[in-house]
Amino acid sequence: AIIEATKKAGMDERAAVVAIATSLQESKLENLGHLGDRNDHDSQGLFQQRPSSGWGTVEQITDPEYSTTAFLEGLQQVEGWQDMPLTKAAQTSRCRHTRSTTPSGKPRPPTSSPSTGPTDPAHR
């Protein structure tokens with residue numbers, strides 16, 4: 001799903017590598033739902049994205065195509081990501097999430113808390 005979403009987004013092999021490595025680190029490539037007491041905040045899906053951080057609804061972030069597309073859109077916002085070490089590109093993408101629209105271009109529905117950015121302690 002990650003490779004297909006990367007191709008669909010028109011991004012190159014490096015983007016797919018960053019996305020796969022991120023998902024491998026975050027979820028061992030498993031589309032994780034809520035893990036109860038073991039959950040890190042409200043993180044879910046392949047990339048352990050958080051609805052409360054503006055990544056989308058639970059349904060969206062547990063959809064592999066949506067979550068990959070959202071991750072890739074965050075990656076594209078990182079200046080110079082193509083030349084960064086893999087780990088830095090992955091982490092910076094996850095923390096620079098500031099989109100106000102969904103991957104399909106529709107306005108993002110409001111969340112219960114404001115979108116967080118690079119100053120969010122959860123992303124340090």
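Start with the largest nonpolar core of this predicted model, which has 15 residues. Select Phe71, Leu72, Leu75 and Trp81, the residues with the most contacts inside that core. Then colour helix 2, helix 4 and helix 5, the elements that give two or more residues to this core.

Stay on Leu72 for a moment. Leaving out residues up to four places away in sequence, Leu72 touches Ala5, Thr6, Ala9, Met11, Ala15 and Ala19.

**The whole chain**

Zoom out and show the chain as a cartoon. The secondary structure comes to five helices and zero strands, and along the sequence the pattern reads α-α-α-α-α. The chain has 124 residues, of which 44% count as buried. Switch to a surface view: about 6,800 Å² is exposed, and carbon and sulfur atoms supply 53% of that area. Among contacts in the chain with a separation of 6 or more, 47% are between residues 24 or more positions apart.

**Helix 5 and its cover**

Select residues 86-95, which are helix 5. Which residues of this helix are buried? They are Ala89, Ala90, Thr92, Ser93, Arg94 and Cys95. Now add residues 13-27 and 64-76 to the view: these are helix 2 and helix 4, and both are included in what covers the buried residues of helix 5.

**Helix 4 against helix 5**

Hide everything but helix 4 and helix 5. Their axes come within 8 Å and cross at roughly 100 degrees. An angle from 65 to 115 degrees counts as roughly perpendicular, so helix 4 is roughly perpendicular to helix 5. To see the contact, show side chains for Phe71, Gly74 and Leu75 on the helix 4 side, and for Ala89, Ala90, Ser93 and Arg94 on the helix 5 side. By class, the residues of this contact are four nonpolar, two polar and one charged. Phe71 and Leu75 were already selected at the start, as two of the core residues with the most contacts.

**Helix 2 against helix 5**

Swap helix 4 for helix 2. Here the axes are 9 Å apart and the packing angle is about 75 degrees. Helix 2 and helix 5 are therefore also roughly perpendicular to each other. Helix 2 brings Arg14, Val17, Val18, Ala21, Thr22 and Glu26 to the contact, and helix 5 brings Leu86, Ala89, Ala90 and Arg94. This contact has six nonpolar, one polar and three charged residues. Ala89, Ala90 and Arg94 appear in the contact with helix 2 and also in the contact with helix 4.

**Two serines in helices**

Centre on Ser93, which lies in helix 5. Is this serine buried or exposed? Ser93 counts as buried because its relative accessibility is 0%, and the cut-off for buried is under 20%. Beyond its neighbours within four places in sequence, Ser93 is in contact with Trp55, Phe71, Gly74, Leu75 and Val78.

Next, move to Ser67 in helix 4. Ser67 has a relative accessibility of 0% and so counts as buried. Not counting residues up to four places away in sequence, Ser67 touches Leu46, Phe47, Gln49, Gln60 and Ile61. Draw a distance between the C-alpha atoms of Ser67 and Gln49: the two residues are 18 apart along the chain, and the atoms are separated by 7.7 Å.

**The loop between helix 2 and helix 3**

The last stops are in one loop. Select Ser53, which lies in the loop between helix 2 and helix 3, the latter being residues 58-61. At 3% relative accessibility, Ser53 counts as buried. Its C-alpha atom is 9.4 Å from that of Ser43, a residue 10 away along the chain.

Now pick Lys28, in the loop between helix 2 and helix 3. Lys28 is exposed, with a relative accessible area of 63%. Check its backbone: phi is near 55 degrees, a positive value in a residue other than glycine. Most residues other than glycine have a negative phi.

Finish at Gln48, also placed in the loop between helix 2 and helix 3. What is the phi of this residue? Phi of Gln48 is near 50 degrees, again positive in a residue other than glycine. Gln48 counts as buried, at 8% relative accessibility, whereas Lys28 is exposed.

How values were computed
Residues numbered from 1 in each chain as written. Predicted model: local features only at pLDDT ≥ 70, side-chain atom pairs only at ≥ 80, totals over all residues. Heavy atoms only, no water. Buried < 20%, exposed > 50% of the residue type's maximum accessible area, 1.4 Å probe, protein only. Helix = DSSP H or I, 4+ residues; strand = E, 2+ residues; numbered from the N terminus. Contact = heavy atoms within 4.5 Å. Axes fitted to C-alpha atoms, helices over the stretch in contact; angles between N-to-C directions. Parallel < 35°, antiparallel > 145°, perpendicular 65-115°, else oblique. Nonpolar A, V, L, I, M, F, W, Y, C, P; charged D, E, K, R; others polar. Core = buried A, V, L, I, M, F, W, Y, C linked by side-chain atoms within 4.5 Å. Areas by Shrake-Rupley, 256 points an atom, 1.4 Å probe, with all protein chains shown as cover.
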